[in-house]
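Here's a quick tour of how the strands and helices fit together in this one. Have a look at the model first, then read on.

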Amino acid sequence: MLAAPINPSDINRIEGVYPVRPPLPGAVGGYEGVGQVHALGPAVTAPLSPGDWVIPSPPSFGTWQTYIVKHQSVWHKVRSDVPMEYAATATVNPLTALRMLQEFVKLNPGDAIVQNGATSIVGQCVIQLAKLHGIHTINIIRDRPGSEEAKDKLKQLGADEVFMESQLDMKNVKSLLGALPEPALGFNCVGGNAASLLLKFLRQGGTMVTYGGMSKRPVTVPTSYFIFKDISLRGFWLQRWMNSDKAEDCRTMIDYLLGLVHEGKLKYEMELIPFGEFSLALEKALGKTWKPAKASYEVLR
């Protein structure tokens with residue numbers, strides 16, 4: 001293994017609060033990552049060679065280790081001319097962004113979407129992928145130290161509008177849109193008040209997709225939104241999609257995303273930490289030594 005990220009869902013699995021739990025005893029953490037082929041068994045027929053970069057696709061347990069032996073069907077060969085941290089992290093967050101943009105509402109150039117948690121890796125990917133297809137993004141971020149810096153970074157990625165939550169404490173938030181159309185689709189990874197603010201932007205018949213709940217607060221929706229605005233609420237869980245018959249689709253999309261990385265059209269912030277300092281990486285991922293002034297993503301290498 002060359003590199004493997006620490007995702008919030010990895011921590012949830014260890015805590016035992018994730019819907020899918022690794023088999024015990026002997027479970028190893030980590031769900032995605034990139035490795036380099038060291039050796040092949042004599043019965044391997046897949047077009048793999050020592051030195052190739054591979055990722056588990058669909059992802060599988062146990063990427064937080066230095067060597068892994070698994071069946072050839074687990075591995076997908078990926079390009080090695082991108083930074084290894086992008087190959088290690090292409091599956092969970094960028095693929096979530098791509099799938100949500102494609103799956104729920106047919107979006108056309110000129111349409112708009114709204115999202116909270118915009119500084120997250122998924123949020124950054126949504127902004128860039130949407131821009132590539134001519135789709136406008138309205139982004140909501142928390143009020144915190146460094147918010148202005150975060151706002152500027154999202155604008156540099158291609159965000160059309162970035163609002164702090166405190167700016168949206170008003171009745172007619174749509175007056176802030178200017179010439180932008182009312183969004184047909186919203187992505188919620190926070191819950192609580194941040195979800196309520198997102199809903200205020202949606203147009204008649206709009207859809208909010210929830211894919212996370214970082215605030216650990218419920219999504220509360222006024223009855224009038226259902227009756228008079230015909231709002232739809234959906235959920236997205238990448239693992240359920242990947243565990244269907246979409247394995248080949250998944251690999252094709254990962255190749256597409258890494259192609260964008262290679263072309264400089266998709267980027268996001270990460271911090272690389274050596275495998276030997278895994279305890280520091282875990283502390284940072286858990287926020288014990290980390291000041292959240294900017295979006296970060298810990299990748300063990």
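Three strands make an open sheet in the order 2-3-4, paired antiparallel (strands, E of at least two residues, and helices, H or I of at least four, are DSSP runs numbered from the N terminus; two strands pair if DSSP finds at least two bridges between them). Strand 2 (35-36) and strand 4 (75-78) sit at the edges, each pairing on one side only. This is a predicted model, so local features need pLDDT of at least 70, side-chain atom pairs count only at pLDDT 80 or more, and totals for chains, interfaces and linings use all residues. Residues are numbered from 1 along each chain as its sequence is written, and side-chain values use heavy atoms, with hydrogens and water left out.

There's also an open sheet of six strands, ordered 7-6-5-8-9-10 with parallel pairing. Its edges are strand 7 (161-164) and strand 10 (232-235); each has a single partner strand, so one side of each lacks a neighbour in the sheet.

Here are two of the strand pairs:

| Strand pair | Sense | Bridges | One bridge pair |
|---|---|---|---|
| strand 3 (residues 53-56) and strand 4 | antiparallel | four | I55 and H76 |
| strand 5 (residues 112-116) and strand 6 (residues 136-141) | parallel | five | V114 and I138 |

Back at strands 3 and 4, helix 9 packs on the sheet and touches both (contact means heavy atoms within 4.5 Å). Helix 9 (residues 247-262) also meets helix 3 (residues 93-103): their axes come within 10 Å and cross at roughly 110 degrees (axes are lines fitted to C-alpha atoms, for helices over the stretch in contact, with angles from 0 to 180 degrees between N-to-C directions). Helix 3 and helix 9 are therefore roughly perpendicular (65 to 115 degrees).

Methods
Parallel < 35°, antiparallel > 145°, perpendicular 65-115°, else oblique.
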